[in-house]
Amino acid sequence: MPRPTGRVLTLLELLQSGGTRTMAELADRLGVDGRTVRRYVDHLLDLDVPVESVRGRYGGYRLAPGYRLPPLMLGDDEALAVLLGLEAGRRTGLTTAEHTASETAAAKIRRVLPRHIAHRLDALLESIAFTDRPGEFDTPDAEVLLTLADAVRHCRPVAIRYTDRTDRRSERTLHAYGIVAHAGRWYVTGRDAGVGEDRTFRLDRIADARPLPGSFEVPEGPGPAQRVLSGFATAEYRHEVTLRIQGTAEQIRTRLPAGVATLEELEPATGEELEAAAGESGTPGSWLRVEIRAERLDWVPPVLAALDLPFVIERPAELRDRVLALADRLAHRARQG
C-alpha cells in the first residue's frame, strides 16, 4: 500500500496535469476518502505549493500560479524531452540563460532519472551530432529576452542599450515587432524610433531593456522572420554584388538563402545571351537578378560553381577576375595526373 507521502506526490502530479480535479476523482485515483484528500492538499499548501479550491457543482482543486516554482512531477518521456531540449539548446547556441543554469537544471533531472532511462539518454546523446559546435555563440540575457517578448505582445515601446559590431554603444527606443532565432543567434526586429527606420538587433549585444509608456501599431507586411532575413541580405557591407542567373528561385536558394541574397525576376533573355545560356544548360529559362552584400568576395565564385547555372556578372569587376582565377585553378588541377 502506498505511504501517505507517495499519495501526496501523486496528488501533485494529478494537479500538474492541468485543469480542475473534482474531489470524487482525486479520492478515486488516490484510493482514499474526501477528508484524506483535503489533508493531502493541506500538506501541499504547507510546502508552499499553490493549490486553490474551486467551489460549485463542478468544483474541486487546481494549481494556481505561485510566487516560486513548486516541485515538478515529470514522467519518463517528459523528463527525456526536457533534457533533450536543454542539450539541443546548449549545442546550437539557442539557450536563453547562462550555461551554468542549463547545466544545473539538467543535472537535477538526471539525478532522479530511472537508471534504464538514463542509459537510453546517454546512448542517444552519444549517437547524435549537431552542425553548430557548443559554446560557439554568445547567450542573450534572459531578463532582456523576457522584457522584449512582453513589449512585442503588448505593442509597447522599449528602451535598449546596444553595442554594435564596431563596439559603438548607443541608447535606442525600439518598437519591437518580433523575436527571431536564426543560425544559432537571437534577434529582435522592429522600428528604431530615433531614425524612423526598421532595424534588427542581436539580443546578446543588448545590455539592458526597459519598457516605456505608450503603444504602437505593427505595420502590415512581412513577418518578423522575413524582416530579419531581408535585413541580412540588404545590410551595408564592403561589396555590393549584382548577378543575373538563369534558373528557378528554388535552385538559387539552395546556395544563396534569403538571408544572403535578394532575388528579382527578369524578362526572358534574348539574342546572343539566350543562345549562349541555352548552349550551356540545354534549355533556355527565365533569368533572375541576384543581389548580394558581402564583406569578402572569396566565397562567391565557389558558390556560383556549385550552382552550375548560367550567370552574368554585372558588378563588381573584381568578382569577374576572381571567377576566372578559380576556373583557371580548377582547369589546371583537372589536367594534373
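**Exercise 1.** Which residues of helix H11 (residues 300-307) are buried, and how are they placed around the axis of H11?

*Solution.* Note at the outset that this is a predicted model. Step one is to apply the cut-off, by which a residue is called buried when its relative accessible area is under 20%. In helix H11 the residues that meet this condition are Val 300, Pro 301, Val 303, Leu 304 and Leu 307. Step two turns to their directions: they cover an arc of only 160 degrees around the axis, and therefore they lie on the same side of H11. A general rule helps here, since an α-helix has 3.6 residues a turn, so residues three or four places apart point the same way. Step three asks what these buried residues pack against, and the partners are strand S8 (239-246), helix H9 (249-253), strand S11 (311-315) and helix H12 (317-335). Just after H11 comes Asp 308, whose phi is positive, at about 55 degrees.

**Exercise 2.** Decide whether Asp 192 is buried or exposed, and describe its surroundings.

*Solution.* Begin by locating Asp 192, which belongs to strand S5 (residues 185-192). Its relative accessible area is 4%, and because buried means under 20%, Asp 192 counts as buried. Next, follow the side chain of Asp 192, which reaches the backbone nitrogen of Gly 194 at 3.0 Å. Finally, leaving aside neighbours within four places in sequence, list the contacts of Asp 192, which are Arg 172, Thr 173, Leu 174, Glu 197, Arg 199 and Phe 201.

**Exercise 3.** What percentage of the chain's residues is buried?

*Solution.* Of the 337 residues in the chain, 33% are buried. The chain contains twelve helices and eleven strands.

Terms used:
Residues numbered from 1 in each chain as written. Predicted model: local features only at pLDDT ≥ 70, side-chain atom pairs only at ≥ 80, totals over all residues. Heavy atoms only, no water. Helix = DSSP H or I, 4+ residues; strand = E, 2+ residues; numbered from the N terminus. Buried < 20%, exposed > 50% of the residue type's maximum accessible area, 1.4 Å probe, protein only. Polar contact = N/O pair within 3.5 Å; in protein donor to acceptor, adjacent residues only side chain to side chain. Contact = heavy atoms within 4.5 Å. Arc of directions from axis to C-beta.
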